[in-house]
Amino acid sequence: MRNVDVSLIRDKVAEMCVAANHDLGADVKKCISAMAAEETWPVARDMLASIEENIAIAEEGVFPLCQDTGMACVFLEIGQDVHLTGGSLAEAVNEGVRRGYEEGYLRKSIVADPLRRTNTGDNTPAYINTEIVDGDRVRITVAPKGFGSENMSRIRMLPPSAGEEGVKDFIVETCVEAGANPCPPIVVGVGIGGTFDRAALMAKKALLIPFDRENADGYYAAMERELLERINGLGIGPQGFGGRTTALAVKIIAAPTHIAGLPVAVNINCHVSRHKEAVL
């Protein structure tokens, strides 16, 4: 058994909230540069150049990547041989988010109630997802999620008879309906299987997969490639101005499901696919 004081998690979450809002992952930047080099539509090339300039400015640490600094989504993989000490885990995570957003001068975007709409003033509470895993470590992933893209996400409980084509058509249809709203080029996270709620969680977790990591299942790797080609063939382009760069990546996570069901969730992210990871 290994003791981990929750204050360590609090401090790391605060640090990662700021870092994630300023520093885009190397895999995302590499993908944007590669697609910019292949883009043939002049307006799209200009938009991608502006995106790359914005990324460079954000890395200087003064201005965040986007004015929507997101809802703090915190994923915790907690080893079963870890004993958390020093107080409440949820309170520690929320205190970390509070400190990160206040000290980093990041926009506070959370309302306490979905209908009465009073801003909490410190970007808490965070969305917290915990998972018990093997080992004696705590893996923390902080992923600020903007709602221009979150609002374009969809879930559908397809009948099994819809099959592979029905799944692919729904994913592409979701991207068509999203259009320019999620600030393309987008990242498309897909969850297939499980239950209604698990499909949505898998879709969100799919957005955390590095762009340069191919799906270990060849069947789904091929589906990801096909979907990326189809989505980029829609002609929506960067910021909706046309071109071949509508999506940067499609990532799929699948899970066992019931004989009577075929749940499919699509969680869209904008090109600012922000997340940071640390292990304690």
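**Exercise 1.** Which residue just after α6 takes a positive phi?

*Solution.* Start where helix α6 ends: Gly179 comes just after α6, with a positive phi of about 55°. Helices here (H or I, at least four residues) and strands (E, at least two) are DSSP runs, numbered from the N terminus.

Some notes before you go on. This is a predicted model, where local features need pLDDT of at least 70 and side-chain atom pairs count only at pLDDT 80 or more, while totals for chains, interfaces and linings use all residues. Residues are numbered from 1 along each chain as its sequence is written, and side-chain values use heavy atoms, leaving out hydrogens and water.

**Exercise 2.** Find what the buried residues of α6 pack against.

*Solution.* Step one: locate α6 at residues 163-178. Step two: pick out its buried residues, among them Val167, Phe170, Ile171 and Thr174. Buried means under 20% relative accessible area, exposed over 50%, and partly exposed in between (1.4 Å probe, protein chains only). Step three: look at the partners, which are β6 (154-158), β7 (186-194), α8 (218-232) and β9 (262-269); contact means heavy atoms within 4.5 Å.

**Exercise 3.** Work out which element gives the most to the largest nonpolar core.

*Solution.* A nonpolar core is a set of buried Ala, Val, Leu, Ile, Met, Phe, Trp, Tyr and Cys residues joined through side-chain atoms within 4.5 Å. The largest has 23 residues, and Ile171, Val188, Val190, Ile192, Ile252 and Val264 touch the most other members. Next, list the suppliers: α6, β7, α8, β8 (247-257) and β9 each provide at least two residues. The answer is α6, with six residues.

**Exercise 4.** Describe how β5 sits among its neighbours.

*Solution.* Seven of the eight residues of β5 (residues 138-145) are buried, so the strand is largely enclosed by the rest of the structure. Strands pair if DSSP finds at least two bridges between them. With β2 (residues 71-79), β5 pairs in the antiparallel sense over eight bridges, and Phe75 has Thr141 as its bridge partner. Four bridges join β5 to β10 (residues 276-279), also antiparallel.

**Exercise 5.** Classify the ring pair of Phe75 and Tyr127.

*Solution.* Rings of Phe, Tyr and Trp (its six-membered ring) pair if their centres lie within 6.5 Å; planes under 30 degrees apart count as stacked, over 60 as edge-to-face and the rest as tilted. The centres of Phe75 and Tyr127 are 6.1 Å apart with planes at 75°, so the pair is edge-to-face. Phe75 is buried at 6% relative accessible area, whereas Tyr127 is partly exposed at 29%.

Notes:
Expected span 1.5 Å × (residues − 1).
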